[in-house]
Amino acid sequence: MTHQLEIRNLHATVGDTEILKGINLIVPRGELHAIMGPNGNGKSTLAKVIVGDPEYTVTQGEVLVDGQNILEMEPDERARLGVFLAFQYPVEIPGVTIANFLRLAMQARKAEGEEVSFTEFYGKLQSALKTLEWDESIVERYLNAGFSGGEKKRNEILQMLMLEPNYIIMDETDSGLDVDALKIVSKGVNSMRGPGLGGLIITHYQRLLDYIVPDKVHIILDGKVVQTGGPELAKKMDTEGYDWVKELATA
Ligand SMILES: Nc1ncnc2c1ncn2[C@@H]1O[C@H](COP(=O)(O)OP(=O)(O)OP(=O)(O)O)[C@@H](O)[C@H]1O
């Protein structure tokens, strides 16, 4: 079996409008790819379709993780495959502390009958909090309740560090991270990089890619991947904008 995330001819609509018009891409496990592109061309839609947002209808295509189509899976099945969709839990859950949530989420990744031991949980938690330069008291707070944008983001990375996913999908909207928070978030992601982690980072701003240098960059225009290249492509976007891509696409 090839370990990879593959998006195959993905088409999706909202109402009567087709937004994704045949996205194709392959991310081998071990690589992080960035998705860039001008505003309003389908980046967030791609992320939401992968999460299974009911507002979008997939009309064709598949999202395959190690050969299995995750679009047809329940969240717990995806979790067991090791897929982490970073923006899946931005909601506030009153009455559930971060510690409780993390423990439950770790348990959900285990096979039936296997327990997350306290030692495993606490050991990982200590190491993740250290990476994120976060005080332990944070885990007694209720999930996302009253969190600042930066704290929510840091919490998302904390979940990732604890769950050790095989694949991540992150949609980095302009969440208002200051430079320090951006550095810490990037440090968290970079600390997980290696042969065991693959995924997509959808960026609306190039500056994130100064910290998380992608293995490849794909540019989405009008619901399709129109260019793929190395990290230098992100730099080119930064200095030259998207006009040349638009010209290529219409040539
Ligand atoms: N739920 C929706 N209802 C109506 N139109 C939508 C919906 N979701 C997306 N669209 C439209 O689909 C197009 C693509 O939107 P999307 O958010 O995916 O773009 P984006 O590439 O992520 O843009 P940005 O960089 O500005 O965040 C836009 O024209 C948007 O208005």
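This passage walks through two sheets, a few helices and the ligand shell of a predicted model. Residue numbers start from 1 along each chain, following the sequence as written. Since the model is predicted, local features need pLDDT of at least 70 and side-chain atom pairs count only at pLDDT 80 or more, while totals for chains, interfaces and linings use all residues.

To start with the sheets, six strands make up an open one with mixed pairing, in the order S6-S9-S10-S3-S11-S12. Strands here are DSSP runs of E with at least two residues, helices are runs of H or I with at least four, and both are numbered from the N terminus; two strands pair if DSSP finds at least two bridges between them. Strand S6 (83-85) and strand S12 (224-229) sit at the edges, each pairing on one side only. On average, neighbouring strands of this sheet are turned by 20° against each other, direction ignored. (Axes are lines fitted to C-alpha atoms, for helices over the stretch in contact, and angles between N-to-C directions run from 0 to 180 degrees.) S6 and strand S9 (residues 167-172) run parallel and are joined by three bridges; Leu 85 has Ile 169 in S9 as its bridge partner. H1 packs on this sheet, touching strand S3 (32-36), S6, S9, strand S10 (198-203) and strand S11 (216-221), and its direction makes about 140° with that of S9. Contact means that the C-beta atoms of two residues, placed from the backbone, lie within 7 Å.

The other open sheet has four strands in the order S2-S1-S4-S5, with antiparallel pairing. Strand S2 (17-28) and strand S5 (68-69) each have a single partner strand, so one side of each lacks a neighbour in the sheet. Nine bridges pair strand S1 (residues 4-14) with S2 in the antiparallel sense. Ile 7 stands opposite Leu 25 in S2, and Leu 5 has Val 27 in S2 as its bridge partner. The two strands S1 and S2 form a hairpin with two residues between them, and Gly 15 in the turn has a positive phi of about 60°. H1 turns up here too: it packs on this sheet, touching S1, S2 and strand S4 (57-65), with its direction at about 75° to that of S2.

H1 (residues 43-51) also gives the shell around the ligand its largest share, three residues. The shell holds Val 14, Ile 19, Gly 37, Asn 39, Gly 40, Asn 41, Gly 42, Lys 43, Ser 44, Thr 45, Glu 55 and His 204, where being near means a C-beta atom, placed from the backbone, within 6 Å. By type, the shell residues split into two nonpolar, eight polar and two charged; Ala, Val, Leu, Ile, Met, Phe, Trp, Tyr, Cys and Pro count as nonpolar, Asp, Glu, Lys and Arg as charged, and the others, Gly among them, as polar.

Helix H5 (residues 149-163) has 15 residues, and its end C-alpha atoms are 21 Å apart, in agreement with the 21 Å expected at 1.5 Å a residue; the expected span is 1.5 Å times one less than the number of residues. Its buried residues, including Ile 157 and Leu 161, pack against S6, helix H3 (98-109), helix H4 (118-131), S9 and helix H6 (179-192). Buried means 20 or more other C-beta atoms within 10 Å of a residue's own, exposed 12 or fewer, and partly exposed in between, with C-beta atoms placed from the backbone. Glu 164 follows H5 and has a positive phi, near 45°.
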